[in-house]
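Colleague: I've got a few labels I'd like you to justify. Can we go through them one at a time?

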Amino acid sequence: MNIHKYDNRKYLIGAMAVLVAVVYLVRLFSIQLLDHGYKDAADSNALYHKTIYPMRGALMDRNGKLIVSNQPSYDIIVTMRSVHDLDTLAFCQSLGITKETFDSRMADVKNLRRNPGYSSWTRQVFMSQLSAADVSDLKQNLYMFDGFEIDNRTIRRYEYAAGAHMLGDLGEVSKADIEQDPYYSKGDFIGKQGVEKYYEKELRGSKGVEVLLRDAHGRIQGHYNDGELDVEAVAGKDLKLSVDIDLQMLGEKLMQNKIGSIVAIEPATGEILCMVSSPTYDPSLLTGRHRGENYTELAARSDKPLLNRPIQGTYPPGSTFKTSQALTFLQEGIIDQNTMFPCTNGFVFGRLKVGCHSHSSPLPLLPAIATSCNGYFCWGYYRMIGASKYGSPQAALTVWKDYMVDMGFGYALGVDLPGEARGMIPNADYYDRHYRRSWNGLTTISNAIGQGEVTLTPLQIANLGATIANRGFYIKPHVLRNVDDQHPDSIYLEKHYVGVDRKNYEIVVNGMRQAVLEGTCRVANNPDYMVCGKTGTAENRGKDHSVFMGFAPMDNPRIAISVYVENGGFGASYGVPIGALMMEQYIKGGLSEESMAAADEMSQRKIDYGKERR
């Protein structure tokens with residue numbers, strides 16, 4: 001027998017035992033000192049991190065009136081693994097729901113397709129945005145229902161049933177929202193439209209957290225380390241808006257039974273004083289448990305109450321656009337204020353005719369603005385597009401288009417609200433594609449009177465009024481006045497100067513003043529201050545749209561306004577009287593008794609849209 005053979009085996013076995021011991025020691029060291037995974041897993045069973053939601057910032061109008069605040073709401077939370085021996089009938093009675101509702105909610109919680117993040121160990125929302133009355137009985141009996149908790153939340157409270165489109169609303173975050181911003185978790189709420197969406201980061205604040213200690217059965221025993229690790233929530237910032245809520249409410253009253261919009265701007269600052277979209281809705285409809293069903297009902301209506309017409313509706317501006325044409329023709333030397341053109345009930349060139357109403361002819365620029373003469377502006381446009389100094393219609397139209405863009409048309413103005421449309425200003429390439437380069441001023445003559453391919457938003461029309469009121473500049477329209485008393489972004493403080501001389505703006509201002517004194521805007525005349533205005537009767541597939549653009553006072557303008565009433569007929573029928581009442585409300589701080597009666601009458605006037613509804 002070879003004894004040395006067994007001696008070697010003894011050493012080998014000993015070495016293996018030492019190696020195994022070393023491996024275990026290294027692993028134990030790693031687990032205890034280097035690897036936090038097991039510690040974290042243990043902590044997650046013992047500690048519960050409860051999110052504390054901050055109060056969302058409030059919204060106030062320009063005069064400090066509270067428009068939007070917060071009110072308490074409650075979420076019912078369930079952790080399925082902790083639900084034991086549930087008395088379903090008692091639970092339903094405490095919450096005021098049926099057994100069918102309970103079963104449906106529990107099925108939704110466990111449905112991996114609807115709730116892909118489901119785990120029986122994690123907290124899930126059973127019901128959300130309940131009122132204090134909804135949960136009062138459940139609060140008293142909650143000790144009976146293991147696995148269920150009540151989280152305190154808030155929902156928006158609207159002090160006025162006005163301004164829904166501008167203010168916007170809140171809705172539950174989507175998967176995309178969570179992926180884009182780690183701040184959000186499933187069940188959080190986020191601004192979906194309007195100010196609530198645009199200024200979401202300012203309004204939402206910062207979440208807090210409470211670190212709570214749980215026992216082996218998952219029951220909360222109190223704050224861990226006396227709250228040493230707790231973090232307080234930070235409330236969102238309060239926003240002061242530029243809107244005048246009294247003016248907004250008057251505008252919504254005047255637009256009852258009508259489709260269209262009103263936009264008012266303070267010319268010197270670009271601050272939006274009101275933004276009315278009609279038809280509208282009570283903003284409180286899109287809060288609480290019934291938000292989804294209310295939204296669905298609004299979205300299904302043929303009159304499109306969810307469309308924010310002031311910034312998303314694009315319309316032919318009609319004769320309000322003639323002011324921009326006058327400025328362009330003057331600046332380019334196509335006309336001066338004494339230039340006269342004929343109007344034989346319209347613009348007539350060969351077999352082409354653009355109709356107009358009866359008035360004196362020929363006539364110079366100021367009466368042409370006052371009477372809203374189609375013939376005058378068609379002749380001016382035809383002369384410009386055919387002017388030899390440009391070399392070609394394409395080059396002339398490019399110059400014309402550049403003036404229009406500089407005045408704020410054809411592109412979004414950059415208002416601090418989501419979803420702004422750009423409108424349409426055609427360029428030479430557009431006509432080259434459509435007419436194979438064979439076109440001229442006659443082919444595109446509708447541009448002269450704000451028809452054809454030209455479309456603007458009501459905000460752009462109001463901004464045109466503000467630019468004329470300022471005699472040649474505008475500031476980007478905006479709805480935010482300040483955040484916690486700090487001024488808004490600097491882009492809303494900069495003056496954008498249009499490339500037209502002040503003297504030419506003065507000529508157009510005088511023409512708009514003449515329109516109020518003896519032309520198409522006489523209904524807007526007020527003995528207490530000087531109003532300047534321009535009507536528009538925009539052609540449409542059905543009945544014409546009624547349009548008004550103006551400002552007041554003439555020499556110290558405080559308000560510029562556009563009114564657009566779909567299928568309202570002549571500008572003087574709806575646009576002018578509505579605009580006049582709005583200017584009086586803002587400048588004088590209220591309406592006279594006579595004007596109050598006129599406002600009541602206007603609010604009752606209905607337009608039968610029928611098949612003409614857009």
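Colleague: Where does Pro553 lie?

Modeller: This is a predicted model, and in it Pro553 lies in the loop that runs between strand 19 (545–552) and strand 20 (559–565).

Colleague: What omega goes with the cis label on the bond from Ala552 to Pro553?

Modeller: The peptide bond from Ala552 to Pro553 has omega near -15°, and it is cis. Ser278 to Pro279 is also a cis peptide bond, with omega near 5°. Pro279 has its place in a loop too, between strand 12 (271–278) and helix 11.

Colleague: What makes Asn257 worth flagging?

Modeller: Its phi is near 70°, which is a positive value in a residue other than glycine. You'll find Asn257 in the loop from helix 10 (245–254) to strand 11 (260–266).

Colleague: On to the helices. At what angle do helix 13 and helix 16 pack?

Modeller: At about 125°, with the axes of helix 13 (residues 322–331) and helix 16 (residues 393–406) 10 Å apart. That makes helix 13 oblique to helix 16. To be called roughly perpendicular a pair needs 65 to 115 degrees, and roughly antiparallel starts over 145. An angle of about 125° falls in neither range, so oblique is the word.

Colleague: Is the crossing of helix 13 and helix 16 left-handed or right-handed?

Modeller: Right-handed.

Colleague: And which residues meet there, between helix 13 and helix 16?

Modeller: From helix 13 come Ser324, Gln325, Thr328 and Gln331, and from helix 16 Trp400, Tyr403 and Met404. By class, that contact has three nonpolar, four polar and no charged residues. Trp and Tyr count as nonpolar here, so Trp400 and Tyr403 go into that group along with Met404.

Colleague: How do you know that helix 15 and helix 16 are oblique to each other?

Modeller: Try the same test. Helix 15 (residues 374–385) packs on helix 16 at about 125°, with the axes 8 Å apart. Helix 15 and helix 16 are therefore oblique to each other.

Colleague: What classes of residue make up the contact of helix 15 with helix 16?

Modeller: Eight nonpolar, no polar and no charged residues. Helix 15 brings Tyr381, Met384 and Ile385, which meet Pro393, Ala396, Leu397, Val399 and Trp400 of helix 16. Trp400 is also among the helix 16 residues that meet helix 13.

Colleague: Now the empty spaces. Why is one called a cavity and another a pocket?

Modeller: In a cavity a 1.4 Å probe fits but cannot get out, whereas a pocket is open, so the way out decides the label. The structure holds one cavity of 30 Å³ or more. About 330 Å³ of space lies in the largest cavity.

Colleague: What lines the largest cavity?

Modeller: There are 24 lining residues, and Arg56, Arg153, Thr154, Leu170 and Phe189 lie nearest the centre. Strand 5 gives the most, five residues. Strand 5 (148–158), strand 7 (189–191) and helix 9 (200–204) each supply at least two. The lining of the largest cavity divides into 10 nonpolar, five polar and nine charged residues.

Colleague: How many residues line the second largest pocket, and which lie nearest its centre?

Modeller: It has 24 lining residues, with Arg105, Val125, Phe126, Ser128 and Glu172 nearest the centre. The second largest pocket has a volume of about 700 Å³. Strand 4 has the largest share of its lining, seven residues. Helix 4 (99–110), strand 4 (124–130), strand 6 (170–172) and helix 11 (291–300) each supply at least two.

Colleague: And the classes in the lining of the second largest pocket? What are they?

Modeller: Six nonpolar, nine polar and nine charged. Arg and Glu count as charged, so Arg105 and Glu172 belong in that last group.

Note on methods:
Residues are numbered from 1 along each chain as its sequence is written. This is a predicted model: local features need pLDDT of at least 70, side-chain atom pairs count only at pLDDT 80 or more; totals for chains, interfaces and linings use all residues. Side-chain values use heavy atoms; hydrogens and water are left out. Axes are lines fitted to C-alpha atoms, for helices over the stretch in contact, and angles run from 0 to 180 degrees between N-to-C directions. Helices (H or I, at least four residues) and strands (E, at least two) are DSSP runs, numbered from the N terminus. Angles under 35 degrees count as roughly parallel, over 145 as roughly antiparallel, 65 to 115 as roughly perpendicular and the rest as oblique. A crossing is left-handed if the near helix is turned anticlockwise from the far one by less than a right angle, and right-handed if clockwise. Contact means heavy atoms within 4.5 Å. On a 1 Å grid over the protein atoms alone, a cavity is a set of points where a 1.4 Å probe fits but cannot get out, and a pocket is an open set with protein on both sides within 12 Å along at least five of seven lines; lining residues have an atom within 4 Å of a point. Grid points are joined across faces, edges and corners, and a volume is the space filled by probe spheres set on the points.
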